[in-house]
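Biologist: I'm new to this one, and I'd like to know how you justify the labels you use. Can we look at it together?

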Amino acid sequence: MIDLSRIVAKEGIGEGGNWKVYRCLLQDCASVIVKESKGFVDMAIKGSIKKYQFIKALDIPTTSFLEVSSLDGKPVLVTEDLNSDNPCFVSPNSVKTETDELLACLRENFTPCLSSERIDSKVEQYFYKNKIKEISNFPSFLQRVKEDIIKAACHNISIAFDCYFFSIENGKSCSVIDYKIADWDNIMECEDIDCKELLNANIVEFQEAMFRFLELFVQEGEKRKLYQSLTSDMTSVRLQ
């Protein structure tokens, strides 16, 4: 178990509905990601560990480790810092644009205001403002994802759009893309759902994640081309 008493620096890097997320630097200069539950702590932590093990057992890309530790006397999740080096990993679900904030305020009948207690994810905000021009390996990337989606469906696992984190090469206008599952809240075991139906659901969820990624992080001309490739390639997925 990673000893979080060795933390020398702690930075809040994101906050969603279920977790507060911190990047923590340890005494040996290694950095880790710490997730603190905002709800039922034991249930959230046990659920995440179980779902992580599902994904790991299927050899679907995910973080190198996920374990339970203690921070300030509370149980927390500790996992790999995907952004300790290049490439960087981003979640399209972690970006809040100005339009998003205004619409959220209006839906709740609040006075539109861009400030809030929510912590925006800094890596996502950086790449949202510094979009990439080209993805060099998109066809082979989609082929890998299709194989993983089929594998998940055949083992009764559904993967929601917000579980996906996509890699971007920092400092390059032409980037290689890859992915990892790094949020486990909405991974579900679905033994009562037909495999083909589950496959279709997984395809829709991945497409939503990928469409959001392209919209937020890729420049206009390139993303239109990749939209078409994504749509045509993913509609051809079939069970083996």
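Biologist: Which helix holds Asp148 and Arg144, and how many residues apart are they?

Modeller: Keep in mind that this is a predicted model. Both Asp148 and Arg144 belong to helix H4 (residues 138–154), where they are four residues apart, about one turn of the helix.

Biologist: What makes Asp148 and Arg144 a salt bridge?

Modeller: The cut-off is 4 Å between a side-chain nitrogen of Lys or Arg and a carboxyl oxygen of Asp or Glu. For Asp148 and Arg144, the closest N and O atoms are 3.0 Å apart, so the pair qualifies as a salt bridge.

Biologist: Why is Asp148 called buried?

Modeller: Buried means under 20% relative accessible area. Asp148 has 4% relative accessibility, so the word fits. Its partner Arg144 comes out at 33%, and because that value lies between 20% and 50%, Arg144 is called partly exposed.

Biologist: How many salt bridges are there by this rule?

Modeller: The count comes to 13. One of them joins the side chains of Arg212 and Glu208, at 2.8 Å from N to O. Both of these residues sit in helix H5 (residues 195–217), four residues apart, about one turn of the helix.

Biologist: Are Arg212 and Glu208 buried or partly exposed?

Modeller: Arg212 has a relative accessible area of 31%, so it is partly exposed. Glu208 is at 29%, and it counts as partly exposed too.

Biologist: What separates Arg224 and Glu220 in helix H6?

Modeller: About one helical turn, because they are four residues apart in H6 (residues 220–234). Salt bridges that share partners join Glu215, Glu220, Lys223 and Arg224 into one network. Within it, the side chains of Arg224 and Glu220 meet in a salt bridge of 2.6 Å, N to O.

Biologist: Why is Arg224 called partly exposed?

Modeller: Its relative accessible area is 42%, so it falls between the two cut-offs of 20% and 50%. Glu220, at 43%, counts as partly exposed for that reason as well.

Biologist: Let's turn to the strands. Why is strand E2 described as largely enclosed by the rest of the structure?

Modeller: E2 covers residues 19–26, and six of its eight residues are buried, so the description follows.

Biologist: How do you know that E1 and E2 pair?

Modeller: Pairing needs at least two bridges between two strands. E1 and E2 have seven, in the antiparallel sense, so they pass. One example is Ile7, whose bridge partner in E2 is Leu26. The two strands form a hairpin, with three residues between them.

Biologist: What about E2 and E3, in what sense do they pair?

Modeller: Antiparallel, over seven bridges, with E3 running over residues 31–37. Arg23 stands opposite Ile33 in E3. Four residues lie between E2 and E3 in their hairpin, and Cys29 in the turn has a positive phi of about 75°.

Biologist: Back in E1, why does Glu15 count as buried?

Modeller: Glu15 is found in strand E1 (residues 7–15). Its relative accessibility is 17%, and that is under 20%, so Glu15 counts as buried.

Biologist: And what makes the link between Glu15 and Lys38 a polar contact?

Modeller: The limit for a pair of N or O atoms is 3.5 Å, with one able to donate a hydrogen and the other to accept it. The contact joining the side chains of Glu15 and Lys38 is 2.9 Å, so it is within that limit.

Technical notes. Residues numbered from 1 in each chain as written. Predicted model: local features only at pLDDT ≥ 70, side-chain atom pairs only at ≥ 80, totals over all residues. Heavy atoms only, no water. Buried < 20%, exposed > 50% of the residue type's maximum accessible area, 1.4 Å probe, protein only.
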